[in-house]
Amino acid sequence: MTDFLKLAVLKRNLDLDPKAPVEEALSRLDLLRDGKLTNAAILLFGKNPQKFVLQAFAQCGKFKGVDTVEFEDMHDFKASIIDQRDDALRFAEKHIRRSARIEGSDRVEEFEYPIESIREALTNAICHRDYRINSSVQLRIFGDRMEIWGCGPLPEPLTVEDLKNQHESIRRNPLIAESFFKIGFIERWGTGTQRIIDFCLEQGLPEPLFEIKSGSLVVTLRKYKYTESMKRELSLRQQNAMEYLIKHGKITNREYREINPEIKEDAALNDLKDLVDKGLISLKARGRYSYYVLC
């Protein structure tokens, strides 16, 4: 509680002494009702909130390849929802690649997905989820994308299309949202999803996807333009090539024929050219040294 209050004073100039008694602080934050803790108070500050709200945890997994068949790492985070957000973000940082470049005299590190977008998506999922639904917030990391699953659909009347534009901020959990606002986790302007998009585009990544799957909002950050809907338009040979590219980073005509043994060189060239024309891959170099990479 003390750390929360210190951060709230720093971020929003909260008029409350960080050393104030816990009961006074909770009352000032409107987290007490008739002297009893609200559910929001338990989720925000409880040492074991899952004792009261069993499904209130963040489930994180790193998978091999592009599906959920095989795990590389997984962890369930069951602390307060404030700590869950930070724990899930650290899990993401652990499992995505980073690179460095020199700008002037400075060394600048960059993750393969913008940390700001991941942080925003995780914060929104934890803050705005429907805590009555018996499922957990999920972070799924694949070879070609990262998915952040919330719990439940968007609050009405919002639609997934609204998230791409300026929209009203509709808070499903007002007390949690207000506490997250006080420590600078969220704003009140409905701009969070636009920031997710902007950070990705600024880094040269495809626009994130906002979808309703199994009744819940899913935010997908993508490395490449290749999507499930595009996959259905490809031949089995081309699908094999795309999976190979996701795992290995590049493919040659010879490698294309090795993973598709029945095909001849000219047919392989036509298949690869079709993928280029679709904007999914691009040709690098020429002649005997030519190879293809994902767009």
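**Exercise 1. Determine which helix gives the most to the lining of the largest cavity, and describe that lining**.

Solution. Step 1: α5 gives the most, with five residues. Helices here are DSSP runs of H or I with at least four residues, strands are runs of E with at least two, and both are numbered from the N terminus. This is a predicted model, in which local features need pLDDT of at least 70 and side-chain atom pairs count only at pLDDT 80 or more, while totals for chains, interfaces and linings use all residues. Residues are numbered from 1 along each chain as its sequence is written, and side-chain values use heavy atoms, with hydrogens and water left out.

Step 2: A cavity is a set of points, on a 1 Å grid over the protein atoms alone, where a 1.4 Å probe fits but cannot get out; its lining residues have an atom within 4 Å of a point. The structure holds one cavity of 30 Å³ or more. The space in the largest cavity is about 490 Å³, the volume being that filled by probe spheres set on the points, which are joined across faces, edges and corners.

Step 3: The lining of the largest cavity comprises 34 residues, and Asn124, His128, Leu154, Leu163 and Thr193 lie nearest the centre. At least two lining residues come from each of α5 (115-128), α7 (192-202) and β10 (216-222). By class, the lining has 16 nonpolar, 10 polar and eight charged residues. Nonpolar covers Ala, Val, Leu, Ile, Met, Phe, Trp, Tyr, Cys and Pro; charged covers Asp, Glu, Lys and Arg; the others, Gly among them, are polar.

**Exercise 2. Establish how far α5 is enclosed and what its end-to-end span is**.

Solution. Step 1: Of the 14 residues of α5, 12 are buried, so the helix is largely enclosed by the rest of the structure. Buried means under 20% relative accessible area, exposed over 50%, and partly exposed in between (1.4 Å probe, protein chains only). Among the buried residues of α5 are Glu120, Asn124, Cys127 and His128.

Step 2: The expected span is 1.5 Å times one less than the number of residues. For α5 this gives 20 Å, in agreement with the 20 Å between its end C-alpha atoms.

**Exercise 3. Explain why cysteine 60 and cysteine 127 are each too far from the closest cysteine sulfur for a bond**.

Solution. Step 1: A disulfide requires a pair of cysteine sulfur atoms within 2.5 Å, and the structure holds zero.

Step 2: For cysteine 60, the closest cysteine sulfur is that of cysteine 151, at 12 Å, which is too far for a bond. Cysteine 60 is buried, at 2% relative accessibility.

Step 3: For cysteine 127, the closest cysteine sulfur also belongs to cysteine 151, at 13 Å, again too far. Cysteine 127 is buried, at 0%.

**Exercise 4. Identify the salt-bridge partners of glutamate 178 and locate them**.

Solution. Step 1: A salt bridge is a side-chain nitrogen of Lys or Arg within 4 Å of a carboxyl oxygen of Asp or Glu. The count comes to 25.

Step 2: Glutamate 178 pairs with lysine 182, with the closest N and O atoms 2.8 Å apart. Both lie in helix α6 (residues 174-182), four residues apart, about one turn of the helix. Lysine 182 is buried, at 16%.

Step 3: Glutamate 178 also forms a salt bridge with arginine 188 (2.5 Å, N to O). Arginine 188 lies in the loop between α6 and α7, so this pair ties together parts that are 10 residues apart in sequence. Arginine 188 is partly exposed, at 41%.

Definitions and conventions: On a 1 Å grid over the protein atoms alone, a cavity is a set of points where a 1.4 Å probe fits but cannot get out, and a pocket is an open set with protein on both sides within 12 Å along at least five of seven lines; lining residues have an atom within 4 Å of a point.
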